[in-house]
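Let's go through a few labels and ask what each of them rests on.

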Amino acid sequence: MNIDQYLPVLLFILIGMAVGVVPLALGYVLGPNRPDAAKNSPYECGFEAFDDARMKFDVRYYLVAILFILFDLEIAFLLPWAVALKDVGGVGFVAVLIFLAILVVGFAYEWKKGALDWE
């Protein structure tokens with residue numbers, strides 16, 4: 001192996017690091033630094049902080065978020081299958097149909113249990 005083969009990879013890494021670090025450094029050095037009470041106040045979701053940060057939230061928010069991530073990731077598995085559809089043939093097609101059937105059954109179960117309802 002020759003070191004010249006690794007030059008494009010090294011160059012790619014250096015340019016990637018520069019693209020990430022240089023704007024941060026420029027913003028830190030050239031950006032205005034004029035703090036005031038409004039900029040230093042805690043702010044979240046358009047509301048002023050009105051209670052203790054350790055207050056309890058409704059668990060439905062987390063359940064819906066987890067369900068969204070779960071179904072989103074399962075759908076992301078379909079992209080490689082769609083790209084390689086001609087290569088996997090009939091067996092791959094049947095396997096994805098089984099996968100989608102399981103996904104639909106899970107979705108119907110969550111819907112029936114009311115996990116997707118927001119009151």
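Q: What do buried, partly exposed and exposed stand for here?
A: Buried is under 20% relative accessible area, exposed is over 50%, and partly exposed is in between. One thing to keep in mind: this is a predicted model.

Q: Why is Val88 called partly exposed?
A: Val88 has a relative accessible area of 36%. Buried would need under 20% and exposed over 50%, so a value in between earns the label partly exposed.

Q: What makes Val88 eligible for a nonpolar surface patch?
A: Patch members need over 30% relative accessible area, and Val88 comes in at 36%. Val88 shares its patch with Leu85, Phe93, Val94, Leu97, Ile98 and Ile102, and together they make about 610 Å².

Q: Which helix holds Val88, and which of that helix's residues are buried?
A: Val88 lies in α5, residues 85-113. Buried in α5 are Gly92, Val96, Leu103 and Glu110, so each of them has under 20% relative accessible area. Across the protein, buried residues make up 6% of the 119 residues.

Q: How do you know that α5 falls short of a straight helix?
A: A straight helix of 29 residues would span 42 Å, but α5 spans only 34 Å between its end C-alpha atoms. There is also a kink of about 75 degrees in α5, centred on Val91.

Q: What makes residues 6-30 and 61-82 helical spans?
A: Residues 6-30 are 96% helix and 0% strand, with end C-alpha atoms 35 Å apart. For residues 61-82 the figures are 95% helix, 0% strand and 32 Å. An unreviewed UniProt entry lists both spans, along with 88-109, under "transmembrane region".

Q: How many helices and strands are there in the protein, and in what pattern?
A: There are five helices and two strands, following α-α-β-β-α-α-α along the sequence.

Terms used
Residues are numbered from 1 along each chain as its sequence is written. This is a predicted model: local features need pLDDT of at least 70, side-chain atom pairs count only at pLDDT 80 or more; totals for chains, interfaces and linings use all residues. Side-chain values use heavy atoms; hydrogens and water are left out. Patches are made of residues with over 30% relative accessible area and no salt bridge: like charges are joined within 9 Å, nonpolar side chains (Val, Leu, Ile, Met, Phe, Trp, Tyr) within 5 Å. Accessible areas come from the Shrake-Rupley method with a 1.4 Å probe; for residues, only the protein chains shown count as cover. A salt bridge is a side-chain nitrogen of Lys or Arg within 4 Å of a carboxyl oxygen of Asp or Glu. Helices (H or I, at least four residues) and strands (E, at least two) are DSSP runs, numbered from the N terminus. Buried means under 20% relative accessible area, exposed over 50%, partly exposed in between (1.4 Å probe, protein chains only). UniProt positions are given in the numbering used here, feature names are shortened, and annotations may be inferred rather than shown by experiment. The expected span of a helix is 1.5 Å times one less than its number of residues. The bend at a residue is the angle between axes fitted to the seven residues ending there and the seven starting there.
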